[in-house]
Amino acid sequence: MGCGVTKSNQFHKNSGKAIKSAVLIQRWYRQYVARREMRRRYTWHIFQSIEYSGEQAQIKLYNFLGYLMDNFTPASNERNLISHIFRENEVCRDAEWERYFCYKNIEVPEIYSGPHLTFPLTVEQAVGLVEAFRNKKQLHSRYVLQLLLETWKQLRMLPNINRISTCHSKEITICGDLHGQLEDLLLIFYKNDMPSLEKPYLFNGDFVDRGKDSIEILLILFSFLLVYPSEVYLNRGNHEDHIVNLRYGFTKEVLSKYKMHGKRILRLLQKIFSWLPLATVIDQKVLVLHGGISNTTDLSILARVDRHKYVSALRPPKKRHQSIVGLSIDVDVDEDTVSHNKVFQRRTSLTFPKVLSRDCFQNRSLRDFSDRIKVNTVDNVELCQRRQSILNPVIHGPENEAAQSASCESINSEDEWKQILDLLWSDPMNQDGCVPNEVRGGGCYWGPDVTEDFLNRHNLQLIIRSHECKQEGYEFCHNRKVLTLFSASNYYDVGSNRGAYVKLGPDLVPYLVQYQASSMIRELTVRQSFGRTERLALKVLREQLFAHKSDLICAFKKFDSSNTGYVCLSDWASAVESVLHLGLPWRIMRYQLVTGRTSDGSIDYHEWFNELAIKGPNAAHIDQSLLETLYRHRSTLETIFRIVDTDNSGFITIEDFRQTWKLLSVYLKMEITDDAISDLAITIDSNQDGSIDIEEFMEAFRLTDKKSRLERGRSMFMGTATDLTNLDVDPNI
């Protein structure tokens, strides 16, 4: 009995230790999971914030250039530099575009080993194109132009809103953003099979930009559209826009792959993008569109708009001003329409009622900006009547007067541009209401109440949209009545996110399929994959901090009234947030961004910039404010260079280089002296041939991270349990 009691005591003693150990392990594990979730959220938040700030900068730049076009004199140098991008946004006669499709004089050399196409296309040729691109082959420019011509003809026959239906033998596969990532499209085809009579597909916009194979994705989708016009559907995305393509890589990709005919291919794609349908309705119950809706979105209006007028959705189309002698006053006429004595209707141009100051658009979204736009109704009615008298001088009577009235009524639609802008650029939010999307700079944020009202008004049950990268490739919101679908996996970096596509059968219940395309993922553990993504996010963040050095020092000095060069941790965090506005937990991130502190926890902010481990180019003789401007607005500057390079040669003259910097200085409201610009030009023009290679210039002044990407370093969130407890985190982030 005594031994039994001893054993029992020993058992209770050991079990007590085991319980304590289990509690400690459980506590450690919970802290580990909390830290990991914190790291995941804010790594993602860094990527997304910087991505959206880039989109906002692009829209602001386009607003500014539009302001110059509207208010500068026609002969001004600044206006001449940028006028061609707005001419491309004007509505043109189709006859003017058809000459660009001429491919018959382009010969295919015998040494060409890529795919050959004959029209009408066959299934075998479309499949062969996929295999050729899988094997890194390139389609000859003659076939590219021919394929684009046939695609343009097909798209012109389609309505603004496609209406399709499922049946018991079919289910429709819907894909979100692909962004030039051919590997994702090939994986989708491998897992789900290629488009066919039994396998219809809907691709929901943003086929191009960011990735390196945008043109190949377009050619594959266009080829299957021609082979299966009733089984393959394409919606337009916000990146199917030549202004956006200037910044995000598609323009550069086409010009590098098709050096001889790249410019023509780009011009044709502008036209084709404008003819892409805006949305698709499945079984009259599911609406598929790229961005989203607003509280004013109306499918009946969207069904009637002349979508091809919006070559760029960032700005209302401008009408041409021609004399009566030229048979047209501010009107474009299709030759076929003229031959049938029918007016080629177009919407009214939207014009600014007064000159705008720069301040009125620098921090506003396009939705805000559009409120200043006004339509002169009386002038448009008069113009409409003059058009009719010029184009149809022989037709009279009540029927013609009724046609004139209907024409004028359609022209008076002010909402047309905002409808398209909202459809392509909007994002959902958790709160009720509808507010301008100032994060992206275009479209709006809409809430669950707007979704509910929209679905009820149009007798729908679900909205499927894309436009936003999601870590799992998809996300439901608004009581599962809005589904966001994103098909470009590893979007920010290898392992950053999954891609997904959805299948819809007759029951209209979404069946989601997730994947990750990169073979590198299979070689990394989950911890390695996440660590790689986190390091890249920190690298991008350090570059942003370094590029804002002057503003940050000014912000630190506001807290450092004695000019000691030191600030406390909380002041450091407040100053950084006041400059970058990224909404990040800077106090927690100090473990990765700030390594050296004094005994009282103060930070030497001058030394801190050295600790950021950012290395700029060797350009000590160049004005430092000019360099910082270059670092901070690198993408904007490159976009302006691409605009100024009218012949797409990759080179600009020294004088155009100076004009570009002057344009940027006006846009940024800062002084850049002629001497500083000249010093920079002389530095770049090493061979003194009077021209500057845009690519070499941008690479020469690229910031590089001195830390290796494979460096382990300390975690961004090596905080204590107290740090995590005290941090107020928005669960919706």
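**Exercise 1. Find the order of the strands in the six-stranded open sheet, and say which strands sit at its edges.**

Step 1. In this predicted model, the open sheet is built from six strands, and reading across it gives β1-β5-β6-β10-β12-β11. The pairing is mixed.

Step 2. Look for strands that pair on one side only: these are β1 (161–164) and β11 (474–477), the edge strands.

Step 3. Going from one strand to the next, the twist averages 20 degrees.

**Exercise 2. Describe how β11 is joined to β12, and which helix packs on the sheet.**

Step 1. Strand β12 covers residues 482–485 and runs antiparallel to β11, with four bridges joining the two.

Step 2. For a landmark, find Phe476, which stands opposite Leu483 in β12.

Step 3. Now look for the helix: α18 (residues 448–458) packs on the sheet and touches β6 (286–289), β10 (462–465) and β12. The direction of α18 makes about 115 degrees with that of β10.

**Exercise 3. Work out how Glu150 and Lys153 are placed in helix α5, and whether each is buried, partly exposed or exposed.**

Step 1. The two side chains meet in a salt bridge, at 3.9 Å from N to O. The cut-off for a salt bridge is within 4 Å.

Step 2. Helix α5 spans residues 141–156, and because Glu150 and Lys153 are three residues apart in it, about one helical turn separates them. An α-helix has 3.6 residues a turn, so residues three or four places apart point the same way.

Step 3. Glu150 has a relative accessible area of 25%, which makes this residue partly exposed. Lys153 is also partly exposed, at 43%.

**Exercise 4. Trace the salt bridge between Glu216 and Lys257, and describe the helix that holds Glu216.**

Step 1. The side chains of Glu216 and Lys257 meet at 2.8 Å, N to O.

Step 2. This pair links distant parts of the chain: Glu216 belongs to helix α7 (residues 214–227) and Lys257 to helix α9 (residues 250–257), 41 residues apart.

Step 3. Check the accessibility, keeping in mind that buried means under 20%. Glu216 is buried at 8%, while Lys257 is partly exposed at 21%.

Step 4. Helix α7 has 14 residues, and 13 of them are buried, so the rest of the structure largely encloses this helix. From its first C-alpha to its last, α7 reaches 20 Å, close to the 20 Å expected.

**Exercise 5. Find which parts of the chain Asp427 and Arg440 tie together, and which network they belong to.**

Step 1. A salt bridge joins the side chains of Asp427 and Arg440, at 2.6 Å from N to O.

Step 2. Asp427 lies in strand β7 (residues 427–428), while Arg440 is in the loop between β8 (434–436) and β9 (444–446), so the pair ties together parts 13 residues apart in sequence.

Step 3. Asp427 is buried, with 0% relative accessibility, and Arg440 is buried at 0% too.

Step 4. Widen the view: both residues belong to a salt-bridge network that also includes Glu51, Glu55, Arg210, Arg465, Glu468, Lys470 and Glu475. The structure's salt bridges come to 20.

**Exercise 6. Locate the "domain: EF-hand" spans listed in UniProt, and describe residues 547–582 and 632–667.**

Step 1. The unreviewed UniProt entry lists residues 547–582, 632–667 and 672–707 under this name.

Step 2. Residues 547–582 are 67% helix and 6% strand, with end C-alpha atoms 15 Å apart.

Step 3. Residues 632–667 are 72% helix and 8% strand, and their end C-alpha atoms lie 14 Å apart.

Conventions. Residues are numbered from 1 along each chain as its sequence is written. This is a predicted model: local features need pLDDT of at least 70, side-chain atom pairs count only at pLDDT 80 or more; totals for chains, interfaces and linings use all residues. Side-chain values use heavy atoms; hydrogens and water are left out. Two strands pair if DSSP finds at least two bridges between them. Axes are lines fitted to C-alpha atoms, for helices over the stretch in contact, and angles run from 0 to 180 degrees between N-to-C directions. Contact means heavy atoms within 4.5 Å. Buried means under 20% relative accessible area, exposed over 50%, partly exposed in between (1.4 Å probe, protein chains only). UniProt positions are given in the numbering used here, feature names are shortened, and annotations may be inferred rather than shown by experiment. The expected span of a helix is 1.5 Å times one less than its number of residues.
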